[in-house]
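Hi everyone, thanks for coming. Let me walk you through a structure that may be new to you, so please have a look at it on the screen.

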Number of protein chains: 4
Amino acid sequence: MTGASGTPARGGGRERIIAAATDLFAGQGYEATTTRQIAEAAQVTKGALYHWFDSKQHLLVCVYRDLLAEQTGRLAVIASADAPVERRLHDAAADLVGHIADHFEPLTVWARSMHLLDGEHASHIRADRRRYHETFRGLLVEGQAAGVVRTDVSASVMAHGFLSTVGNIHTWFREDGPLSRHEVGTQLVALFLDGLRPREELIPVRPAGPASSAPPA
Amino acid sequence: MTGASGTPARGGGRERIIAAATDLFAGQGYEATTTRQIAEAAQVTKGALYHWFDSKQHLLVCVYRDLLAEQTGRLAVIASADAPVERRLHDAAADLVGHIADHFEPLTVWARSMHLLDGEHASHIRADRRRYHETFRGLLVEGQAAGVVRTDVSASVMAHGFLSTVGNIHTWFREDGPLSRHEVGTQLVALFLDGLRPREELIPVRPAGPASSAPPA
Amino acid sequence: MTGASGTPARGGGRERIIAAATDLFAGQGYEATTTRQIAEAAQVTKGALYHWFDSKQHLLVCVYRDLLAEQTGRLAVIASADAPVERRLHDAAADLVGHIADHFEPLTVWARSMHLLDGEHASHIRADRRRYHETFRGLLVEGQAAGVVRTDVSASVMAHGFLSTVGNIHTWFREDGPLSRHEVGTQLVALFLDGLRPREELIPVRPAGPASSAPPA
Amino acid sequence: MTGASGTPARGGGRERIIAAATDLFAGQGYEATTTRQIAEAAQVTKGALYHWFDSKQHLLVCVYRDLLAEQTGRLAVIASADAPVERRLHDAAADLVGHIADHFEPLTVWARSMHLLDGEHASHIRADRRRYHETFRGLLVEGQAAGVVRTDVSASVMAHGFLSTVGNIHTWFREDGPLSRHEVGTQLVALFLDGLRPREELIPVRPAGPASSAPPA
DNA sequence: GATGAATGAGTATTCATTCAT
DNA sequence: TATGAATGAATACTCATTCAT
């Protein structure tokens, strides 16, 4: 009813604004997206936009949180499943990678714009991210206790390492490259899981000569 | 020693501008940094800034290239050294991590702002990055040929994975955390190198039950 | 006892809105106060606010009139009392000053915002103010006729002078200063009443040298 | 050169902006004046306006300070003249009143808009006003010491009283009234100076009956 | 080599007000 | 009697960039 266009505008204002913002932020970045564009895409007035959201930043936060909430929910299910740690670890990694493969563009926003949020808003997001991170790290700690995950590397470093690798795929992945999204995902998961194993399981591959800096082991 | 350019570095305008821009871009991001701030920090006028650089983007490119050039130079030395691949791989990873530990903030820019460059400028940077990436990847390919690096994961994916993990440390590393920069670096290198090994070297750790999604192996 | 209207004051929306608006207008000025703030402070919705009042200006007028009505009522009682003019003059001045001491902030609005009202609304207020002013001035004219108030200064100027002095106390009075509200009030009244006396009662104090501009006497 | 209009635009941008702002603020109030209007009136672009002034408030402060500086300068000359206090007091009052008569509208701004300034800006103005006030009060204190000004009323109250009376003439003075600006001014000065005299000089006029509230002496 | 005044198109945000329910 | 979603026009302010000197 708002617009004069023929496109039916289903759903309440708030929903449509979130949807429009998600698309635009993902497509052209947060900074390059204007409130005018969002309002037009959502077929509401700029006034309505500010009726529902305090600011553009607030809107960004809401977009984030919706995305994060889903991911966190999925992780919670996997982490608390009735299965051995190594199985759950694998599933968590695979699910994250799969989820990202499916929500590729929206998640790009997340990686690129968070540093633009001011303290107030950033802390909300950070809290949500922390929750995800903690659950993931919990799995690794559990694995260390069970002896299936190496203990010479901090669980936190492992979690951060994997999460940021995966969260930055958008940086280099090319849809027209030799590998599909899912192939890349599978390979990253393999890489990660294998790097995780306790050192005792490995037949060590030592650098031959004297190490220039910190030598491994 | 910042630049490789022939311009004398006698505290002249150009040098100071690059230095100021590097700091500001690193600290608050490219988008959030204004030319005014750069000019003030460099103690030059805005006019002078445009005397030396064509545009803000041009400035960003210059900041990048100086940074990248150094890193690429170091990698070239390591990659072409007379040592076994595994040794050179280790050294390359360790050096990158060490270099980042030392140039922590400046390198943040690199991760966050590249998508903002327009075609003209982006291609220059991309070429430089590609050069680094290719050298690194070359090492992995060499390793695969020598049988010390797994072949079931694309060398490109391995390179991108490690490079983006390392390039995003700034996202989560806390100076006041339990681990020092160098400890974190060492652990990341270990994680990476161990994930790299050919699968035959491993005593496999199989998920116990039936896999919910793509099972490993 | 705030309003003279017939509306029952059972904490209904209207009363609460007036009260909230009075506080806010006094505290931050009419212009700087938003309808949103008023609605929130009155714990009603913005819709309800517009149910009771035609516009923000209408609300301002209502705030004024309540305030002025009380003051005008008190003045009427004093002016028509059975007492010599000088007594009634003194009482009028003292009462105004006392009243202001008690309703310090609300009356601030009055001084600052009247010029913002449009013709329609302004004339209502102006009529009310005029009524107050006229009564006060009537007292002075009466005093002039009785020979207890100087006639070389227009009664209107005297009235305006005192009224605006008193109406601007809020500009400079500091609760934590050396004098209390009532001390300041008493001194202003004395100053005013003494300035009022016929010149013949005075032993003139002449400027010694030749006057640079209009010399007194 | 800036505009395309035929009106010659003499003077630098900054001067013209101040002049235009002064006129507009005086004519329609600070809040009702838009930066667009100011820029157009000054025949500069809005950008130029912000080149010279940090904000609209900053501009207001500059307008104020120019006005205040002149008034303060004049007062300083009078106060330090080689003449008896009563003469200098008279001259100061007369000069202020005369100055206001001549700069009627610009000074209106000052009275109406100061409460809109935020802390930072307000304090600059307040400091300037204080300086004026202090000099004026100094004259009264001197008068008290010399025995020509009453001591039962605080010099500060006298100064504030007169200054705010005079500063609010714009509230009620009508160009088309029976008295001219200068007549009104002269009368206010007389009223003030006579209210100032030591009480001993007066043949007291006592309220006849018992006082309803605080009786004078 | 360097200045600094000027530009102008663009941005997020505000806010009194309306109206279907 | 009251709601609250929606409006739309207006506003202060930003900022990369230019150019005469």
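Of the atoms of DNA strand E that lie within 4 Å of the protein in this predicted model, 66% belong to sugar or phosphate, and the rest to bases. Around DNA strand E there are 26 residues, where being near means having a heavy atom within 4 Å of the strand. The closest are Tyr50(A), Thr45(B), Thr35(C), Thr45(D) and Trp52(D).

Let's look at the phosphates. An N or O atom in the side chain of Thr45(B) is 2.7 Å from a phosphate oxygen of DNA strand E. For Thr35(C), a polar side-chain atom lies 2.6 Å from a phosphate oxygen of that strand. Which element gives the largest share of the surface near DNA strand E? That is H3(D), with 5 residues; helices here are DSSP runs of H or I, at least four residues, numbered from the N terminus.

Now to chain A. Its secondary structure comes to 9 helices and 0 strands, a strand being a DSSP run of E with at least two residues. Of its 217 residues, 50% count as buried, meaning under 20% relative accessible area with a 1.4 Å probe, protein chains only.

A quick word on conventions: residues are numbered from 1 along each chain as its sequence is written, while chains are lettered from A and ligands numbered from 1 in the order in which they are written. Local features need pLDDT of at least 70, side-chain atom pairs count only at pLDDT 80 or more, totals for chains, interfaces and linings use all residues, and side-chain values use heavy atoms, leaving out hydrogens and water.

Terms used:
A polar contact is a pair of N or O atoms within 3.5 Å; within protein, one must be able to donate a hydrogen and the other to accept it, and residues adjacent in sequence count only if both atoms are side-chain atoms.
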